[in-house]
Amino acid sequence: MTSAFDNAMKQLDQVAPFLGEKYNRGLKLLRTPQKILSKKISIKLDTGKRKSYQVYRVQFNNARGPFKGGIRFHPNVNLDEVKALSFWMTVKCAVVGIPYGGSKGGIAVDPAALSFNELKRLSFAYSDFVAPYIGPWQDVPAPDVNTDGQIMAWMLEEYEKKTGQHAPATFTGKPIELGGSQGRTEATGVGGVTVLKEYLKKCPTSPRLRGTKLAVQGFGNVGYWFAHFAQKEGFKVVAISDSKGGIYNPKGLDVDQVWREKEKNGQIKANITNEELLTLPVDVLVPAALENAITTQNAGRVRAKVVFEMANGPTTPEADEILVKRKIDVIPDVLANAGGVTVSYFEWAQNLNGYYWEKEDVLNKEKKIMIKAFNDIYNEVQKRKVTYRKAAFILAVKRIIDAMILRGRV
Ligand code: NAD
C-alpha cells in the first residue's frame, strides 16, 4: 500500500521549484508535524470485558490559526494516514484562506462492530485523551469518515465536563441543537458542485454543464450531497458506488431514490464493481470515498475528461502524472472538498459570537469563498502553466510559510 504521507510530501516537493529561496527553510519545516499524540485507550464493552484501541491526533501546523481537522473511525486508520490528512488540512485551509492551521485525528476501529453505547464510551474516551490539547483557540476537531454530529456531541460533552464551561467552538459539525451551523451537513457537497460549475464555465474545451455525465465513487456524507446537488444543477449522475459495489445507468440515476434504497437495504443495488466505476465512459469522475482510489493500476484506463477529487488523497502522485500526460484535468481535493471546513469555520465564528445565521446566508458566504479560491487557482494555472494541484499547493504553501516567517519561526 502506498504511504499517504509519502504521497503528500511528493506533492510538497513539486512546488519547491516555484517558490523563492526565502521559502526553503519553511519547506523543510513543513515536512514534520508540530505535535503527534498517539495512545492505546481502552473502553468497557457491553460484555463487561475491556478492549483497547489505537488512537491518534496529529497537529501539523498552526502558523495561520488554530489547528483544524476531522476525526476518522476506520479499521485502517494509522499514523501515516493521519499525518497525511493533517498536512492536507493545513494546505486546504490556506487554499480557501480561512484562519486555521491543520490537524487530523482518528481511531483504528470498525465502528459497525460496536453497539451504540460502546461507540459513545469510545467517543468519550477519545475526547478525554485529547482534551488538554484541543479548544477553540488550540485545535478544533470535526467529523470525518464514519463520524458524525452525534459523535461530536458526545466529545463536546466530555470536553466541557473536563473544562467546566460551555465551549461549543471546540468542535464543528455538531448537531444544530448544540450550536451546529445551518448548512454544515451538505456543505462539502455544495462547495464541490460550486467549484465544478465554475471550472466548467472557465474551460471552453470542457463538457457543457447540462447533460455532463458524472460517476461518483463513495456514497456517504460527501458523495451523497455532491451527487444530490449536482443532479439538481442539471448534471447527469450515471454511476454511484459504496464500499460494496456500484450502480450504473448511462441514462442517469435518481440520486435520492438510490439513497432511499441504500437506507432501506443497507447497500446500493449494485450492477458494477467499484473498479468498473472508475473506468466508465463519463465526463467527470468524482472519487468521494478514501485515499488511493486512482493508482498506476487504473489511471491509464480512466475515460473521464476531468477527475474531481471530493475525497482526501484519492489520486497517488504516480497516477496523477499519468492523468496529466493523458490531458485529464484533476481538480484537487484541497480545493474541491474545502466547502466542509469553510462552513466549519462559519460554525466556529457563530459559536464564538453566540449569534446564529440563516442557512441561505451560510451557503451564500460559502459559495463566495469557493468561487474566489477557484479563481485564484485558475489564474495561477494560466500564469504558470501548471496543473490545478500544483497551482493550489503553490498558493497555499506560500501563504503558510509567509505566516511562519512573520512569526519568526523560520
Ligand atoms: P462517510 O463515512 O460518510 O462515507 C464514505 C463512503 O465511502 C461510504 O459510502 C463508503 O461505503 C464508501 N466507500 C468506502 N470505501 C469505498 C470503496 N473502495 N469504493 C467505493 N466506496 C467506498 O465519509 P465522508 O464524510 O463522506 O468522507 C468521504 C471522503 O471525503 C473522505 O476522504 C473524507 O476525508 C473526505 N472529506 C469529508 C468531509 C466531510 O465534511 N465529511 C470534508 C472534506 C473531505
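## Exercises: helices, loops and a ligand site

**Exercise 1. Check the span of helix α3 and say how covered α3 is.**

Start with the count: helix α3 takes in 17 residues (79–95), and at 1.5 Å a residue they should span 24 Å, which agrees with end C-alpha atoms 24 Å apart. The expected span here is 1.5 Å times one less than the number of residues. Helices (H or I, at least four residues) and strands (E, at least two) are DSSP runs, numbered from the N terminus.

A quick note on the material before going on: this is a predicted model, where local features need pLDDT of at least 70, side-chain atom pairs count only at pLDDT 80 or more, and totals for chains, interfaces and linings use all residues. Residues are numbered from 1 along each chain as its sequence is written, and side-chain values use heavy atoms, with hydrogens and water left out.

Next, cover. Buried means under 20% relative accessible area, exposed over 50%, and partly exposed in between (1.4 Å probe, protein chains only). In α3, 15 of the 17 residues are buried, so the rest of the structure largely encloses this helix.

Finally, look at the two ends. At the start of α3, a side-chain oxygen of Asn78 comes within 3.0 Å of the backbone nitrogen of Asp80. That's a polar contact: a pair of N or O atoms within 3.5 Å; within protein, one must be able to donate a hydrogen and the other to accept it, and residues adjacent in sequence count only if both atoms are side-chain atoms. Just after α3, Gly97 has a positive phi of about 70°.

**Exercise 2. Do the span and cover check for helix α6.**

Helix α6 has 19 residues (184–202), which should span 27 Å at 1.5 Å a residue; the end C-alpha atoms are 27 Å apart, so the two agree. As for cover, 15 of the 19 residues of α6 are buried.

**Exercise 3. Describe the surroundings of the ligand.**

Step one is the shell. A residue counts as near if one of its heavy atoms lies within 4 Å of the ligand. There are 24 residues around the ligand, and Asp144, Thr188, Asn221, Val222 and Asn312 come nearest.

Step two is the polar pairs. A side-chain N or O atom of Asp144 sits 2.7 Å from an oxygen atom of the ligand. A polar backbone atom of Asn221 is 2.9 Å from a ligand oxygen, and a backbone N or O atom of Ala289 is 3.1 Å from one.

Step three is cover: on its own the ligand has 830 Å² of accessible area, and the protein covers 83% of that. (Areas come from the Shrake-Rupley method with a 1.4 Å probe; for residues, only the protein chains shown count as cover.) The elements giving two or more residues to the shell are α6, α7 (221–232) and β7 (236–242).

**Exercise 4. Place Asn146 and Lys385, then say whether each is buried, partly exposed or exposed.**

Asn146 is in the loop between β5 (139–143) and α5 (149–163). Its phi is positive, about 65°, although Asn146 is not a glycine. With 43% relative accessibility, Asn146 is partly exposed.

Lys385 is in the loop between α13 (359–384) and α14 (388–406). Lys385 isn't a glycine either, yet has a positive phi of about 55°. At a relative accessible area of 66%, Lys385 is exposed.
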